[in-house]
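I opened my notebook to look up a few side-chain and helix contacts. Here is the model I had on screen.

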Amino acid sequence: MESMQMPSFTHTLLDEACTQRLGEILGQMLQPGMLIALNGPLGAGKSTLSRALIRSWGITGTIKSPSYSWVESYSVPLGTLNHFDFYRFRDIEDWEAYGFDSYFDQHAIALIEWPEKVATLLPPVDLTLQLDYHDSGRQVTAHSFTSAGNVCLTHLTNTLKTP
């Protein structure tokens, strides 16, 4: 049996403005029921991208990092956008105690920083973005795992590709 390769796209982010643009572009492509996983080391741009993505949905004011609360939820035109940060997540039993399963449904978009901390508990991921340090900026590699993820990846590729 042939192994199936997941579509991917790699792009250099020269500065914070490029990371914000990526978040804005991606934000406009997301649909209810999607799960986006953000991977990368501390300081690689996951929170910058998340804030820009959330702002692209018309959220104004302070966008708090969910690093201590684990999740911040926003009411958006298509439903709910749940922004998770599991960096400090230590105890799998907390997953059930906090009712995290209830955040993943067909009416909600899930944006997850540090998904590896809860990987075995998550529903299927549509799109992963791996942010890494690259020269004096950052580099993002996106992988899609579903048809919805493929739509986002195609749009990112077409929008961000360099001539």
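My entries on charge pairing, helix packing and burial follow.

I noted that this is a predicted model, where local features need pLDDT of at least 70, side-chain atom pairs count only at pLDDT 80 or more, and totals for chains, interfaces and linings use all residues. Residues are numbered from 1 along each chain as its sequence is written, and side-chain values use heavy atoms, with hydrogens and water left out.

**Charge pairing.** I searched the whole structure for salt bridges (a side-chain nitrogen of Lys or Arg within 4 Å of a carboxyl oxygen of Asp or Glu) and got one. Lys64 and Glu72 form it through their side chains, at 3.9 Å from N to O. I then looked up Glu72: it counts as buried because its relative accessibility is 17%, and buried means under 20% relative accessible area with a 1.4 Å probe, protein chains only.

**Helix packing.** Next I took H1 (residues 16-27) and H4 (residues 147-160), helices being DSSP runs of H or I with at least four residues. Their axes, lines fitted to C-alpha atoms over the stretch in contact, lie 10 Å apart at an angle of about 135 degrees. On the H1 side I listed Arg21, Leu22, Ile25 and Leu26, and on the H4 side Cys152, His155, Leu156, Thr159 and Leu160; contact means heavy atoms within 4.5 Å.

**Burial in H2.** For helix H2 (residues 46-55), I found Lys46, Leu49, Ser50, Ala52, Leu53 and Ile54 buried. What do they pack against? I noted H1 and several strands (DSSP runs of E, at least two residues), including E2 (35-39) and E3 (71-76).

How values were computed. Buried < 20%, exposed > 50% of the residue type's maximum accessible area, 1.4 Å probe, protein only. Axes fitted to C-alpha atoms, helices over the stretch in contact; angles between N-to-C directions.
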